[in-house]
Amino acid sequence: MDTTTLSTKGQIVLPKTLRETRRWPPGTEFRVEETPEGVLLRPLKPVAKSTLSEVAGCLRWTGKPKRVAQMRGAIARKIKSRYDSGRY
């Protein structure tokens, strides 16, 4: 069993053997969970990189196209309702 030490900056280095067997490259992000037994690290699954051309239009609108003035009006109404509800 490997051991590690908490640095003055609050950092912990995971042993190389663990990083290699889990295939965790530098920059891997983890979710930190507190459990009754201690602390649990779960690696976050990376989102696949994509280009704008691959995702443009993936959320199709089947209704009648909106004018810019209609979109601005809808945004303004939503902002006002959030301010009025104390959300901002």
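Is Trp-24 buried or exposed? Trp-24 is buried, with a relative accessible area of 18%, and the legends below return to this residue. Please keep in mind that this is a predicted model.

**View 1. Trp-24 and Phe-30 meet as an aromatic pair.**
The count of aromatic pairs comes to 1. Trp-24 and Phe-30 make up that pair in an edge-to-face arrangement, with 4.9 Å from centre to centre and 85° between the planes. Trp-24 counts as buried because its relative accessible area of 18% is under the 20% cut-off. Phe-30, with a relative accessible area of 23%, is partly exposed.

**View 2. Strands E1 and E2 form a hairpin.**
Here you can follow strand E1, residues 30–35, alongside E2; the two run antiparallel and are joined by 6 bridges. Between the two strands of this hairpin there are 2 residues. Look for Phe-30, which stands opposite Pro-43 in E2. Phe-30 is also the partner of Trp-24 in the edge-to-face pair.

**View 3. The largest pocket has a volume of about 210 Å³.**
Its lining is made of Ile-12, Leu-14, Leu-18, Arg-22, Trp-24, Val-39, Leu-40, Leu-41 and Pro-43. Helix H1 (16–22) and strand E2 (38–43) are the elements that each give two or more residues to this lining. E2 supplies the largest share, with 4 residues. Sorted by class, the lining holds 8 nonpolar residues, 1 charged residue and no polar ones. Two residues from the earlier views, Trp-24 and Pro-43, are among those that line this pocket.

**View 4. The second largest pocket has a volume of about 150 Å³.**
Around this pocket you will find Leu-6, Gly-10, Gln-11, Ile-12, Val-13, Leu-14 and Arg-19. By class, this lining has 4 nonpolar, 2 polar and 1 charged residues. Ile-12 and Leu-14 belong to this lining and also to that of the largest pocket.

**View 5. Lys-80 sits in helix H3.**
The last close-up turns to helix H3, residues 68–84, where Lys-80 lies. How does Lys-80 count at 51% relative accessibility? Lys-80 counts as exposed, because its 51% relative accessibility is over the 50% cut-off. Lys-80 and Met-1 are 79 residues apart in sequence, and their C-alpha atoms are 58 Å apart in space.

Note on methods. Residues are numbered from 1 along each chain as its sequence is written. This is a predicted model: local features need pLDDT of at least 70, side-chain atom pairs count only at pLDDT 80 or more; totals for chains, interfaces and linings use all residues. Side-chain values use heavy atoms; hydrogens and water are left out. On a 1 Å grid over the protein atoms alone, a cavity is a set of points where a 1.4 Å probe fits but cannot get out, and a pocket is an open set with protein on both sides within 12 Å along at least five of seven lines; lining residues have an atom within 4 Å of a point. Grid points are joined across faces, edges and corners, and a volume is the space filled by probe spheres set on the points. Ala, Val, Leu, Ile, Met, Phe, Trp, Tyr, Cys and Pro count as nonpolar, Asp, Glu, Lys and Arg as charged, and the others, Gly among them, as polar. Two strands pair if DSSP finds at least two bridges between them. Rings of Phe, Tyr and Trp (its six-membered ring) pair if their centres lie within 6.5 Å; planes under 30 degrees apart count as stacked, over 60 as edge-to-face and the rest as tilted. Buried means under 20% relative accessible area, exposed over 50%, partly exposed in between (1.4 Å probe, protein chains only).
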